[in-house]
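Let's take a walk through this assembly, one chain at a time, and then look at how the chains meet. Keep the viewer open as you read.

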Amino acid sequence: MNRRMWLAAALLLAAGTVSCGGGGGGGGAGGKTTVVFWEFFPAEVIRPIVDKFEATHPGVKVDLQQLTWQGGLEKISASVAAGTAPDLCEIGSTWEAKFASSGALEDWTADVQIMLPRHRLWEAVKFDDRYFGIPWVMGTRALFYNKELFARAGLDSSKAPETWSQVLADSRKIRALGESTYGFGLQSGDRYKLFKKFMSLAWSNGGEILSPDQKRVVFDSPQNLAALKFYLSLRPYALMDRQETLDQGFKEGRIGMQVSGAWLFKTIPHDAPSLRYGVGLVPAPPGGRHASFAGAEILASFKGSRHPREALMLAQFLVAPENAAALCQAAKDVQPSAVGSEDSDYYRQRPMEQIFVRQLETAVAPPNISQWVDMEGAIEEALEEALHDKVTPEQALKNAQRKLEALLAAKGS
Amino acid sequence: MSARGGAGAGLGFWGPAFLLPWLVSFGLFGAYPLLFSLRLSFMSYNPLNAAAQKFVGLQNYVTAFHDPVFATALRNTALFALGTLPVTTTLALGLALLLERKFPMRDALRAGFFFPSVVSAVVISILFKQIYSPYGLLNSTLRGAGFSPPHWLEDPRLALPCIMVMDVWSSVGYYAVLFLAALQAVPAEIRESAVLEGASALRVFRSVLLPQLQPMLLFVLVINTIRSLQIFTEVFVMTSGGPMHSTTTAVYHLYDQAFFRFEHGYASALAYILTGIILVVSLLQARFLQFGEGTGT
Amino acid sequence: MIMARASAFRAFRISPLLLLAWAPLAWMVWLAVRVPQGEALTLGLGNFSDLLGSGPFLRYTLNSAIVAAWVVGLNLLFASLVGYALARGRFRGKRPLLFSILITLMVPRQVTMIPVYLMAARMHMIDTYPALIAPFAVDAFNIFLMRQYMQQIPPEMEDAARVDGASELRIFFQVVMPMVRPALAVMGVNTFLVNWNSFLYPLVLTNSDAMRTLPVGLALYAQGEHSVDWGHLMAGALIGTLPVLAAFLAFQKQIVEGILAGTGK
């Protein structure tokens with residue numbers, strides 16, 4: 001008797017658990033579609049926006065997974081190769097062409113037509129005149145300067161230097177302040193990063209990598225040579241190191257100026273709350289424009305996704321101006337791709353962050369071509385050799401030109 | 001046979017059954033991958049574009065032969081081996097001689113010198129990255145002493161030597177242990193008779209100890225070379241192969257090709273070339289010693 | 001008397017060298033426990049609690065422990081079984097088998113890495129414990145070690161058990177294994193150290209924070225924006241070193257024995 005009662009109780013309990021569990025997830029098993037979404041933002045930044053999507057789209061559930069920049073490309077590539085790619089995925093703009101050219105991405109050309117005028121940087125997702133994704137948020141680089149060091153060196157600390165000659169002169173004065181104080185933070189050989197710093201200057205001076213039709217390499221040009229010579233001329237007054245070390249030096253108040261990213265708006269208040277600093281556009285030569293590197297986070301879907309329609313729905317929701325703005329304000333290191341964002345209240349109240357949105361107007365995206373990752377490497381290799389005086393600046397550009405031509409010719413192989 | 005009993009009866013049916021774990025493991029993680037990557041090394045194979053895989057014959061090997069980065073990587077490896085070997089060996093041997101005789105706290109001191117060599121390479125690399133960083137231990141100290149210090153890991157001439165110094169620091173204890181064992185195996189009579197004949201300490205070392213240590217010296221030479229050929233973690237953590245490939249090693253280049261660029265075919269060819277080099281070195285080792293290699297990382 | 005003083009002097013003379021050997025490690029501890037508070041510096045465990053409390057470091061540590069425990073356990077069992085069969089068994093094909101072990105010892109792991117990665121990817125095993133454990137479950141060097149040791153123990157005990165009618169499995173577990181306990185300790189601690197510190201394979205075979213081991217997690221944390229976050233990095237490094245220190249203090253003799261076993265001594 002006793003045993004039977006126990007058994008009954010256990011059965012009841014089990015049934016209860018099952019029915020309760022069923023009550024929670026039952027709808028999912030019934031009518032809900034689960035969209036697998038891989039992205040790179042921290043959960044606390046993206047989760048609220050995804051929650052909002054789920055609330056407004058009761059039929060869809062989002063399976064959110066965070067990637068890391070160190071292993072993300074590998075993970076995506078492996079999943080594409082294994083046929084287990086996510087329904088929706090965040091992709092860095094410099095990787096886009098690699099995936100698009102191998103035919104792995106879903107063609108969204110028809111679906112994005114009406115969005116074209118409302119967002120920037122569509123060239124980042126355009127490949128062979130088709131659109132393989134939507135630019136979600138953007139990132140660029142601008143000039144950070146330390147107001148205290150400027151004041152100590154007797155310089156005007158109320159605004160950022162705007163021209164190359166001003167930057168050079170200011171760097172020299174700040175370097176003279178002491179052995180461990182540097183005028184400028186100069187990016188040395190840092191993969192994926194060095195070319196962004198150099199090309200910002202080259203683009204400002206009217207230089208380019210490829211001709212507009214992407215048929216010719218135009219890297220070995222007088223404009224690029226002048227930019228490289230300016231870059232090299234900063235060396236005596238600069239700390240030459242990797243991005244993170246430069247950021248650290250800047251936060252510790254040892255570096256007068258550096259070109260860096262909006263992630264500093266997140267880390268400076270935490271690591272160096274008392275730092276007095278300002279932000280300006282990337283300096284330009286006389287008559288040049290203040291160009292910078294423009295990168296985008298792209299939302300794209302892979303062929304073979306089981307829920308392409310829901311993936312597109314989620315993507316369209318995420319890039320909607322209010323949702324993208326919410327993401328940018330929480331993440332701080334990216335800016336919205338929607339046209340007109342710089343006039344929003346948020347950026348009007350934060351002039352330094354607003355500069356990044358303004359910088360985007362003149363920022364340039366590298367060519368969207370499947371060999372880009374290798375081209376980037378070839379450019380950086382040549383720049384490094386010039387930085388370490390292994391070759392003359394003229395020779396460095398010639399070397400890069402030759403390698404880029406070989407890479408361009410290898411297209412399609 | 002197994003029914004006979006007695007010494008070494010064999011295990012009958014159970015013998016092969018006990019071997020099963022090895023057979024499975026060797027098949028799955030030894031033989032199959034070896035053959036598969038040999039096949040890959042003759043192919044153009046990129047998992048991002050599985051449709052485009054095709055046989056290319058010896059193309060990958062030809063490419064490797066003309067690959068300037070691979071040539072740099074091999075040169076860096078040779079520099080690493082040639083640079084660290086004499087220093088590590090001399091220091092380790094000296095340390096072993098110091099620690100060989102009996103004195104108070106000897107065992108604790110031996111342990112103290114040995115310990116750094118069992119610490120993870122990642123931990124040591126991070127630690128030394130700090131020490132070499134622009135505002136790290138070394139440069140703060142040098143600045144404090146009034147010097148204008150260089151940028152160790154950012155200077156193409158200094159980065160590899162910096163990693164080599166770290167390697168010497170972290171492996172001296174390991175080789176000292178080997179030399180200590182070899183020293184203790186020297187028969188006491190040989191040494192004593194030399195001392196009784198009035199030979200100087202240096203002479204005893206040169207004419208008595210050194211010949212006895214020769215096999216161990218060879219062994220150290222071989223494993224240090226193999227280890228140099230396989231250096232990866234330090235480079236991955238500290239320099240990513242830079243600046244200007246000055247710290248790119250053979251395995252780092254292989255990793256870069258396989259897992260950044262996904263050129264699995266080419267990377268497999270590099271792996272086979274590397275294996276060929278290591279096998280030659282290992283065969284030398286096997287000639288001098290009967291069997292086996294140090295740790296299997 | 002003079003001799004004793006001379007040898008005490010030797011210890012004294014060596015100590016600066018020891019200081020040199022330990023200075024970097026001491027620096028690591030110092031950076032880990034120092035907590036900047038405004039201008040003043042205080043000592044504390046803040047870096048450790050930050051690291052274990054918020055980030056994935058607890059997960060990394062746990063993963064390392066789980067993987068190491070499995071790999072050590074499986075090797076204790078399998079390498080002993082195989083070593084025993086090779087030491088005692090008489091069967092055809094023993095020579096090729098010994099050769100397969102020798103080949104495995106000589107071929108660098110990097111050459112099998114790409115196929116193992118592709119195999120794991122195809123079987124959807126990337127980022128799983130089995131992918132981190134299986135390739136190391138039966139280590140060739142451990143087999144070699146166990147075979148050497150088992151050849152040295154006399155077979156009389158096993159034969160006596162056999163006469164008593166014990167099964168081969170029973171003989172292995174109840175007669176052989178207790179006799180080779182010293183060798184098991186050597187194998188166990190060295191396998192632990194190698195696995196706890198291993199980097200390249202776990203780097204390739206994992207791609208999420210949930211599955212990364214401590215060395216991989218630490219090395220990747222040391223890249224990108226955290227690469228100069230020395231306090232937390234050193235705390236992580238120290239967390240990774242403490243189990244090694246514990247194993248070292250407890251099993252130093254066995255570690256040395258394992259190293260010497262590789263020299264053919």
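Chain A splits into domain 1 (30-139 + 295-364) and domain 2 (141-292 + 367-409). Bear in mind as you look that this is a predicted model. Each of these domains is put together from two stretches of the chain, as the bounds show. Measure from centre to centre over C-alpha atoms, and you get 28 Å between domain 1 of chain A and domain 2 of chain A.

How many residues do the two domains of chain A bring to their contact? Domain 1 puts in 22 residues, and domain 2 puts in 22 residues. On the domain 1 side, the elements giving two or more residues are α4 (93-101), β4 (126-127), α15 (351-362) and β13 (363-364) of chain A. The largest share of that side, 6 residues, belongs to α15(A). As for chemistry, the side of domain 1 that touches domain 2 is a mix, with 9 nonpolar, 6 polar and 7 charged residues.

Now zoom out to chain A as a whole. You'll find 17 helices and 13 strands in chain A, and its C-alpha trace spans about 95 × 55 × 40 Å along the principal axes. Of the 413 residues in chain A, 47% are buried. Look at the contacts in chain A between residues at least 6 apart in sequence, and 75% of them join residues at least 24 apart.

On to chain B, which has 12 helices and 2 strands. Going from the N terminus, the elements of chain B run α-β-β-α-α-α-α-α-α-α-α-α-α-α, so both strands sit right after the opening helix. Why call chain B more spread out than a compact globule? Its radius of gyration is 24 Å, well over the 19 Å that the globule rule gives for 297 residues, so chain B doesn't pass for a compact globule. Its C-alpha atoms fill a box of roughly 80 × 75 × 30 Å along the principal axes. Even so, 46% of the 297 residues of chain B count as buried. Among contacts in chain B with a separation of 6 or more, 67% are between residues 24 or more positions apart.

One helix of chain B is worth a quick stop. Helix α8 (residues 188-196) of chain B has 9 residues, and the number buried is 0, so this helix lies largely in the open. Just after α8(B) comes B:Gly198, with a positive phi of about 85°.

Next, see where chain B meets chain C. This contact takes 81 residues from chain B and 76 residues from chain C. Several helices of chain B each supply at least two residues to its side, namely α1 (14-40), α4 (106-114), α5 (121-132), α7 (159-184), α10 (233-238), α11 (250-259) and α12 (264-288). The largest share comes from α1(B), with 17 residues. By class, the side of chain B that touches chain C has 56 nonpolar, 23 polar and 2 charged residues.

Finally, turn to the place where chain C meets chain A. Here 12 residues of chain C are in contact with 14 residues of chain A. The side of chain C that touches chain A has 4 nonpolar, 5 polar and 3 charged residues.

Note on methods
Residues numbered from 1 in each chain as written. Chains lettered and ligands numbered in written order. Predicted model: local features only at pLDDT ≥ 70, side-chain atom pairs only at ≥ 80, totals over all residues. Contact = placed C-beta atoms within 7 Å. Helix = DSSP H or I, 4+ residues; strand = E, 2+ residues; numbered from the N terminus. Nonpolar A, V, L, I, M, F, W, Y, C, P; charged D, E, K, R; others polar. Rg over C-alpha atoms; globule rule 2.2 N^0.38 Å. Buried ≥ 20, exposed ≤ 12 C-beta atoms within 10 Å, placed from the backbone. Domains from an automatic or database assignment.
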